[in-house]
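Hello,

Here is the structure I said I would pass on. My notes on it follow below.

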Amino acid sequence: MNNNPYSPHTDADRAAMLKRVGIKSVDELLTAIPKDALRPKLGLPAGLSEIEIQQHLESLATKNRTASSGPFFLGGPVQRRYIPAAVPVLALRGEFLTAYTPYQPEVSQGTLQAMFEYQSLMSELLLMDVVNSSMYEGGSAVAEAAFMAVRATGHKKVVIASDVYYQFRRTLKAYARGPELEIVEVPTAELPSQADGAACLIVQHPDAFGGLVDVRPIVAAAHAVGALAIQVIEPHASALLEPPGALGVDIAVGEGQPLGIPMSYGGPYLGILACRVELVRQMPGRIVGETHDARGTRGFVNTLQTREQHIRREKATSNICTNEAIAAITASVYLALMGPQGLRAAASLSVSRAHELARRLAAVPGCSVAMSGTFLDRFALRAPIGGFDLRWKLLREANIIAGDATLDHYPGRDDLILQCTELTTEADMGALEVAMTRVLADAREKVALR
């Protein structure tokens, strides 16, 4: 630190500051950090040039496997979907590239209009009164929706289905620690029985396994005791299924990444949050509205914004400090380009390919579709061959990425969750069918030899 050329402080300055706070060295301020995490070794030799560093990083990058390098059946909140070439070209125009937070609405008309368009398109898709713009990702949207219900009802019990994406349930639990909310996880079928004393019931339709859920009885059970009904949605599914607004839910939340946003380790992604107009003042984030000035010229403004910088801290409904504006703009461009017919076509193609894959895999000796009812574009496959880790390893050897570790995240399930999209090809399905046939045949042979 003493040799830091970017610090204007002299040794005497630093000594005076240390003496004032009563410590001998800066390291004493860092005792909460484990010693092995301080000044970690980067594994780089000293004195590499920029070119050498670039080459080293590229060699590390080649160890990664991209989603397009072979059959890919992972899914859930984040999905590999086709992104029309015009989407990044339009969304990343200079006018939008720095879209972040419009602090000065009067000079941010382009960004504000784009946010207004996003809200309008998403409201039409979900048939909900109000959509904000926007949340960090689907998990934070679920947590903030629960907070909305707690504020609206005065109850601190949040009931969530165990068939909701595990990533979303984990985020909700993390958010709930501070305000000490009671989080109750039950199977979807048991949600109505847990409604008494709850702020909300949270259901996912289609659920984490792709199964279709009858949402209306859950909504009725929530409303019967004064609780709110929250539905976790998927954008493409909403183009085919009855939208949450028609089902009577109070708040709809979900992950917007499939709407033209590339898969990326860690984001940025897009949290969707929509609600009934009666709940609008409990909504986090910001809402852009349309207005006219004194001369009748159309304009856009931040109609509602709950950021604590702008209002008294005790009245803020959220500590969300920004919105995923560039992600929301990307989703707007995607929805506008696809239109209702294009979105339905992509969703329908995903469904047909998932059902075709399920039919083919169910014919493989040792495989069965582990779904008790109708599913949409993903399904759970049961193939008992020594646990998830072994299945994943064997499929990976065939250059196939498939399934999720359900046993770790969903009680009592040890299945492969397989997701299909419009990018799933006949060759992909054939490769998985061949691989599963071989893997299961090898497993049966090893059992027979014993």
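**R169 and its surroundings**

The side chain of R169 makes a polar contact with the side chain of E185, at 3.0 Å. Please keep in mind that this is a predicted model. R169 belongs to helix α7, which covers residues 166-176. Its relative accessible area is 6%, and R169 counts as buried because that value is under the 20% cut-off. Leaving out residues up to four places away in sequence, R169 touches I160, A161, S162, V164, E185, H409 and Y410. E185 is therefore both a polar partner of R169 and one of the residues R169 touches.

**S123**

A second buried residue is S123, in helix α5 (residues 109-126). The relative accessible area of S123 is 18%, which is again under 20%. With residues up to four places away in sequence not counted, S123 touches M128, D129 and V131.

**Strands**

Strands of a sheet pair through backbone hydrogen bonds, and the pairing can be parallel or antiparallel.

One sheet here is open and has 3 strands, in the order β10-β11-β12, with antiparallel pairing. The edges are taken by β10 (368-369) and β12 (416-419); each has a single partner strand, so one side of each has no neighbour in the sheet. Between β10 and β11 (residues 378-382) there are 2 bridges, in the antiparallel sense. In one of the bridge pairs, S368 has R382 in β11 as its partner.

Strands β8 (residues 286-292) and β9 (residues 298-305) also run antiparallel, and 7 bridges join them. H292 stands opposite R298 in β9. Together β8 and β9 form a hairpin, with 5 residues between the two strands. In the turn, G296 has a positive phi of about 85 degrees.

**Cavities**

Rolling a probe the size of a water molecule over the atoms shows where empty space is left.

How many cavities of 30 Å³ or more does the structure hold? There are 4. The largest cavity contains about 50 Å³ of space. The residues that line the largest cavity are F72, L74, R80, Q419, C420, T421, L423 and T424. By class, this lining has 4 nonpolar, 3 polar and 1 charged residues. The charged one is R80. Q419, a lining residue of the largest cavity, also falls within β12, an edge strand of the open sheet (416-419).

Regards

Conventions
Residues numbered from 1 in each chain as written. Predicted model: local features only at pLDDT ≥ 70, side-chain atom pairs only at ≥ 80, totals over all residues. Heavy atoms only, no water. 1 Å grid on protein atoms, 1.4 Å probe; cavity = no way out; pocket = protein on both sides within 12 Å on 5 of 7 lines; lining within 4 Å. Points joined across faces, edges and corners; volume = space filled by probe spheres on them. Helix = DSSP H or I, 4+ residues; strand = E, 2+ residues; numbered from the N terminus. Buried < 20%, exposed > 50% of the residue type's maximum accessible area, 1.4 Å probe, protein only. Polar contact = N/O pair within 3.5 Å; in protein donor to acceptor, adjacent residues only side chain to side chain. Contact = heavy atoms within 4.5 Å. Pairing = 2+ DSSP bridges.
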